[in-house]
Amino acid sequence: MAGCTAFLADGSRSASAVAEALRWRGKAHVEARDPTSAIPDLDRAISLDPRDQTAISYRAAAHQLRGDLESAAADFKTALLIDRDDLFSWLGLFDICRLQKRNDLAIEAIDEAIRVHPGNGAFYSMRGGVYWDLGELGRALDDFDKASAQSDLIADDLLTLRGTLLSMIGRPASGLALCEEVIARWPDQAAGYFARGVVRLHQKRAGDAVPDFERAMAIGSPFAQTPASPLFGRGVAKRMLGDVVGGDADIANAISMDPQVGDRMKRSGVSP
């Protein structure tokens, strides 16, 4: 960034050279999560070269960092008119559509990302998550299977998502077997125990679910700020076992930690 600034201080540079330096300094500001500094640089770069697709897509990212999703979407779409294979812009549009809960448009965007880069299993996993939210569980499972086929994506969270989905579509024994596989491979990770607890709730095996949720809480997750999900699950299990007071207390504590936990657990087929 300092090199770009020194370069721009030299008034003898050509317009194209100035545009390029502004683009890269603006990009560096975006990567540093400083949209306030990025946007003026990218505005100037685009004014010098209106077809600078990279500058336009990074200005979109800067708008997104500021929370201006409409301006971000407009810039991503402009960048794609210049280069339809711009993966960065398709993924940016996907993120915006997900934030706006426009899942039909999110599917269109991630479909294009898959067209550009069909070998990236993460994109199938992302699309699977959208299908799950839409209630299209079979299509979600198909996408998670495709993601799992990418060797670099074999991880406990992906396998447990598949296990939960198998249970939700009426194949709980298969789902449970996948959770057992995850626990055998990663016994010190919470995901397998949590997912097994969820599947056991689907099977009405609340007594077996409680220790799974407690094990998940004891281990914790690097991706979770609180133990809200397994605590909520334990609350549901306690209620199924007749301990309504204890179950309600767990559920209330989980919601106080994370107000969205109820919706998230309902998505996995678990509710009081």
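How many of the 14 residues of α4 are buried? Keep in mind that you're looking at a predicted model. The count comes out at ten, so α4 is mostly covered. Going along the helix, the buried ones are Q53, A55, I56, S57, Y58, R59, A60, A61, A62 and H63.

As for its geometry, α4 spans 20 Å from first C-alpha to last, close to the 20 Å you'd expect for its 14 residues at 1.5 Å a residue. Just after the helix comes G67, with a positive phi near 90°.

Now look at its neighbour. α4 covers residues 53-66 and α6 covers residues 87-99, and their axes come within 10 Å, crossing at roughly 25°. An angle under 35 degrees counts as roughly parallel, and that is why α4 and α6 get that description. The crossing itself is left-handed. On the α4 side, the contact is made by S57, Y58, A61 and Q64; α6 brings F88, S89, G92, D95, I96 and L99. Sort the contact residues by character and you get five nonpolar, four polar and one charged.

Further along the chain, try α12, residues 190-202. This helix has 13 residues and reaches 19 Å between its end C-alphas, close to the expected 18 Å. Ten of those 13 residues are buried, so α12 is largely enclosed by the rest of the structure. The buried set is A190, G192, Y193, A195, R196, G197, V198, V199, R200 and L201. After α12 you'll find K204, whose phi is positive too, near 65°.

Methods: Residues numbered from 1 in each chain as written. Predicted model: local features only at pLDDT ≥ 70, side-chain atom pairs only at ≥ 80, totals over all residues. Heavy atoms only, no water. Axes fitted to C-alpha atoms, helices over the stretch in contact; angles between N-to-C directions. Helix = DSSP H or I, 4+ residues; strand = E, 2+ residues; numbered from the N terminus. Parallel < 35°, antiparallel > 145°, perpendicular 65-115°, else oblique. Left-handed = near helix turned anticlockwise from the far one by under 90°. Contact = heavy atoms within 4.5 Å. Nonpolar A, V, L, I, M, F, W, Y, C, P; charged D, E, K, R; others polar. Expected span 1.5 Å × (residues − 1). Buried < 20%, exposed > 50% of the residue type's maximum accessible area, 1.4 Å probe, protein only.
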